[in-house]
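Dear colleague,

Here is the structure I promised to pass on to you, together with some notes on its helices and strands. Please look at it first and then read on.

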Amino acid sequence: MYYINKQAPSKTLIYRSHIQSLLVYSLSVPASSNMSPPWRPGKRVAIAGGGPGAISTGLAFLQRGYDVRIFEKQRTCQATGGAVLLSIPVLAILRAYGLTSDNFGSYTRTTFANKWGKERVQLPFNAEVERRMGIQGWQYGVLRSTIFAKMLELVPEGVIYTGHEVTGYEEKRASGEEDSGVQIRFKNGSTMMADILVAADGIRSTVSRQAFGEPGLFHTGIRVWLAWCDQIPGIPAHHGVISHDWQYQASFFPMMREGRRPGFEWWVVEPSYEGKPAPADPRAHLTAILQNWAQPMPRLLEATEFNSQVYRWEVYNRPSLQKWSAGRVVGVGDAVHPVSPYAAYGMGMAIEDGYYLARALDGVDLCDPRAVAAGFELYEQQRVHYANHHMEFARFSGSMFHRLPWPLAKVRDLIFDHTPVLGMLLKKDYLQRAEEETMNLRELQVV
């Protein structure tokens, strides 16, 4: 976690708990200050939001020679939640930004099973993907705060402005001495001009709402408990399990946290509804769910500090958008995604979005609206259908595993326990598309 002293006159130290400190410009410096980095017409990329998607977008544009300013409304930039799974394309992008593989944690062989431990299918590794990308395995577990802190360390000083809430925008055409581009409004009443504005401000994005209308959020009928704990003995290395009974999911993966300390991330998914009260005693509630579950799920629960290592999410989605840009505004991550954290896609896909957006605009004069529109169109061709498909498949999976009535759920479990249907679904609707997408990242391949 980061703590920022916003009262410092020009620079301030940002301290991260238990890790190291680094120096960045105080965000009380106005955007027009001479102390700020360059802000050149044709190069100006403004980003609303300060989460992983925003930071990835900023890093990708900076690498391509653009001027970037990231505006986060909170006093700190931080990734919310516990642990996360990152797949090979995300890791390759982070590697391109400057993170080394020792920041990625442990690769995982993923097994789907029933609650008693009977294996249904093991996700296969694609040896050619591993060889081309130079990364073993497919999914890696890491604490969100750990990987996000590493990303923040790569951002040059003077780029991130916390305490700056974007409340809207207005596109401007050159008139006389006036600048053209997009004029961004802030909560404190100030404005600034940029060439493009990236909406990276989350599921309730102010920028996305203005560009695309009300998001139409709806409760998906599931609740997720995300948790993590330190390493415990007796669990095979590189081994993760996603297991189900007729209405619950319980899963675990190896992960890495601060100081490259090994541990485990685990989660439980249960049926829910909008307004459903949270249990007064989460530990007792989850213990009751997992009491007859195959090990190591009960052991992981026992090893977890519930006051600081457990997060509860009510899962909301929205109808899939078919367009992620409007004029000089474009979205990444949850600001435009159908928003389903059920399958641990959110953070990784937001990081991917930022990279693809900058790649699509590489070398473009951002003063040229036709060139910007063409770049946005290329980005949308590469990302909209892909992201929507994966999010919608995750939404379908959530409904299939957690919302079927008991008789149908029993039939589903018999099919998954005794036929290859689940493996076929995962191969066709998840792995195949993800592997094809990874193989298209030729500039990130090592061979």
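What follows goes through the helix packing, one small sheet and one further helix.

Please bear in mind throughout that this is a predicted model.

I begin with helix H8, residues 346-360, and its packing against helix H2, residues 88-97, where the two axes come within 9 Å and cross at roughly 50 degrees. An angle of that kind falls outside the ranges that count as roughly parallel, roughly perpendicular or roughly antiparallel, and H2 and H8 are therefore described as oblique to each other. The crossing in which H2 passes H8 is left-handed. On the H2 side the contact involves Pro89, Val90, Ile93, Leu94 and Tyr97, which meet Gly348, Ile351, Glu352, Gly354 and Tyr355 of H8. Sorted by class, the residues of this contact comprise seven nonpolar, two polar and one charged.

Helix H8 also packs against helix H1, residues 52-63, with the axes 8 Å apart and an angle of about 25 degrees between them. Since angles under 35 degrees count as roughly parallel, H1 and H8 are therefore given that description. Here the crossing is right-handed, and the contact is formed by Pro52, Gly53, Ser56, Thr57, Ala60 and Phe61 from H1 together with Met347, Ala350, Ile351, Gly354, Tyr355, Leu357 and Ala358 from H8. This contact of H1 with H8 contains nine nonpolar and four polar residues, and no charged ones. Ile351, Gly354 and Tyr355 of H8 appear in the contact with H2 and also in the contact with H1.

Turning to the strands, there is an open sheet of three, in the order E11-E12-E13, whose pairing is antiparallel. Strands E11 (166-172) and E13 (191-194) stand at the edges with a single partner strand each, so that one side of each has no neighbour in the sheet. On average, and ignoring direction, neighbouring strands of this sheet are turned by 25 degrees against each other. Strand E12, residues 181-186, pairs with E13 in the antiparallel sense over four bridges, and Ile184 has Met192 of E13 as its bridge partner.

Finally, helix H4, residues 144-153, has seven of its 10 residues buried, so this helix is largely enclosed by the rest of the structure. The buried residues of H4 are Arg144, Thr146, Ile147, Phe148, Ala149, Met151 and Leu152.

With best wishes

Terms used: Residues numbered from 1 in each chain as written. Predicted model: local features only at pLDDT ≥ 70, side-chain atom pairs only at ≥ 80, totals over all residues. Heavy atoms only, no water. Axes fitted to C-alpha atoms, helices over the stretch in contact; angles between N-to-C directions. Helix = DSSP H or I, 4+ residues; strand = E, 2+ residues; numbered from the N terminus. Parallel < 35°, antiparallel > 145°, perpendicular 65-115°, else oblique. Left-handed = near helix turned anticlockwise from the far one by under 90°. Contact = heavy atoms within 4.5 Å. Nonpolar A, V, L, I, M, F, W, Y, C, P; charged D, E, K, R; others polar. Pairing = 2+ DSSP bridges. Buried < 20%, exposed > 50% of the residue type's maximum accessible area, 1.4 Å probe, protein only.
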